[in-house]
Amino acid sequence: MSVEFLSLLGAFQGDCLSGCLFTLVLAGALCELREQLAVTMVRPNPPITIEGFPLETEYADDVDFMDEDEENLRQILPMATEILKSWNLFVNEDKTDFTHVYLAKSGEKDTNGKPLTGSEEWRKSITLGSMLCSKADIQRRISLGYAAFNNRTETGERPQCDQFIGFFTARCNLVKD
């Protein structure tokens, strides 16, 4: 233990309040961004397709935006950067990654004539991982989901489950100044 000291500058990383405050600020910033996108890009607010698929996901300090058109995501990035900056959140554009997610058709080949099925470029992505859409990954996610569900129900919480699918994703890593 250290000697008690006075801090006048927000909540520090590791502080029990830090994550809650970050989440609240991020939620406010994303709400403003969604309102702007609904007007300028006619993007649904809340960001869910007619089929029921989310167009964005958030986890810790990462936000993933999804769309069928990569150009839409490239238009979102500067708007997100500007709006989040006004909330004192910063998009780390060096860590922003645009990934085309698709399943190759049977018999489809790459430029070298090798079969694409199971070796699509997005499977090599560090952010998406090599097991996305594989049977092993689905089983792993189900197991982790059950563990999280059981852990949260033991504390009396009622978790809500989400699923996502995307064709293009842009992962933005956020930092708090």
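## A walk through the fold, starting at glutamate 56

Glutamate 56 is buried, with a relative accessible area of 9%. The model here is a predicted one. Buried means under 20% relative accessible area, so glutamate 56, at 9%, falls into that class. The residue sits in strand β1, which covers residues 56-59.

What does the side chain of glutamate 56 join in a polar contact of 2.5 Å? The partner is the side chain of arginine 34. Other residues touch glutamate 56 as well. Leaving aside its neighbours within four places in sequence, the contacts are Leu30, Arg34, Pro47, Asp64, Phe65 and Met66.

Now step back to the whole protein. The protein has three helices and four strands. Along the sequence they follow the pattern α-β-β-α-β-α-β. There are 177 residues in the protein, and buried residues make up 28% of them. Take the contacts with a separation of 6 or more. Residues 24 or more positions apart account for 59% of these contacts. The accessible surface comes to about 12700 Å². Of that surface, 56% belongs to carbon and sulfur atoms.

Next, look inside. In soluble globular proteins, nonpolar side chains tend to be buried together. The largest nonpolar core in this model has 18 residues. Leu26, Leu33, Phe65, Ile76 and Leu84 have the most contacts inside it. Which elements give two or more residues to this core? They are α1, β2 (62-67), α2 (70-86) and β3 (89-100). Helix α2 gives the most, with seven residues.

Isoleucine 76 is one of the core residues with the most contacts. Not counting residues up to four places away in sequence, isoleucine 76 touches Leu37, Met41, Arg43 and Phe65. Phe65 is another of those core residues, and Phe65 also touches glutamate 56.

Follow the contact from isoleucine 76 to arginine 43. Arginine 43 lies in the loop between α1 and β1. Is arginine 43 buried or exposed? Its relative accessibility is 6%, so arginine 43 counts as buried. Its side chain makes two polar links worth finding. The side chain of aspartate 67 is in polar contact with the side chain of arginine 43, at 2.8 Å. The backbone oxygen of leucine 55 lies 3.0 Å from a polar atom of the arginine 43 side chain. Apart from neighbours within four places in sequence, arginine 43 is in contact with Leu37, Ala38, Leu55, Phe65, Met66, Asp67 and Ile76. Phe65 and Met66 appear here, and both also touch glutamate 56.

Stay in the loop between α1 and β1. Valine 42 is found there. Its phi is near 50°, a positive value in a residue other than glycine. Valine 42 has a relative accessible area of 71%, so it is exposed. Its sequence neighbour, arginine 43, is buried. Proline 46 belongs to this loop too. A cis peptide bond joins proline 46 to asparagine 45, with omega about 10°.

A second positive phi turns up in another loop. Asparagine 88 lies between α2 and β3. Its phi is near 65°, again in a residue other than glycine. Asparagine 88 has a relative accessible area of 30%, so it is partly exposed.

Now go to the loop between β1 and β2, where alanine 60 is found. Its relative accessibility is 56%, so alanine 60 counts as exposed. Which residues does alanine 60 touch, not counting those up to four places away in sequence? They are Phe22 and Leu26. Alanine 60 and leucine 26 are 34 residues apart in sequence. In space, their C-alpha atoms are 9.9 Å apart. Leu26 is also among the residues with the most contacts in the largest nonpolar core.

End on the outside. Leucine 24 is found in helix α1, residues 18-40. Its relative accessible area is 60%, so leucine 24 is exposed. Leucine 24 has nonpolar company there. Leu17, Leu21 and Leu24 make a nonpolar surface patch of about 290 Å². Helix α1 thus has two sides to its story: the helix gives two or more residues to the core, and leucine 24 in α1 is part of the surface patch.

Terms used
Residues numbered from 1 in each chain as written. Predicted model: local features only at pLDDT ≥ 70, side-chain atom pairs only at ≥ 80, totals over all residues. Heavy atoms only, no water. Buried < 20%, exposed > 50% of the residue type's maximum accessible area, 1.4 Å probe, protein only. Polar contact = N/O pair within 3.5 Å; in protein donor to acceptor, adjacent residues only side chain to side chain. Contact = heavy atoms within 4.5 Å. Patch = residues over 30% accessible without salt bridge, like charges linked within 9 Å, V, L, I, M, F, W, Y side chains within 5 Å. Areas by Shrake-Rupley, 256 points an atom, 1.4 Å probe, with all protein chains shown as cover. Salt bridge = Lys/Arg side-chain N within 4 Å of Asp/Glu carboxyl O. Core = buried A, V, L, I, M, F, W, Y, C linked by side-chain atoms within 4.5 Å.
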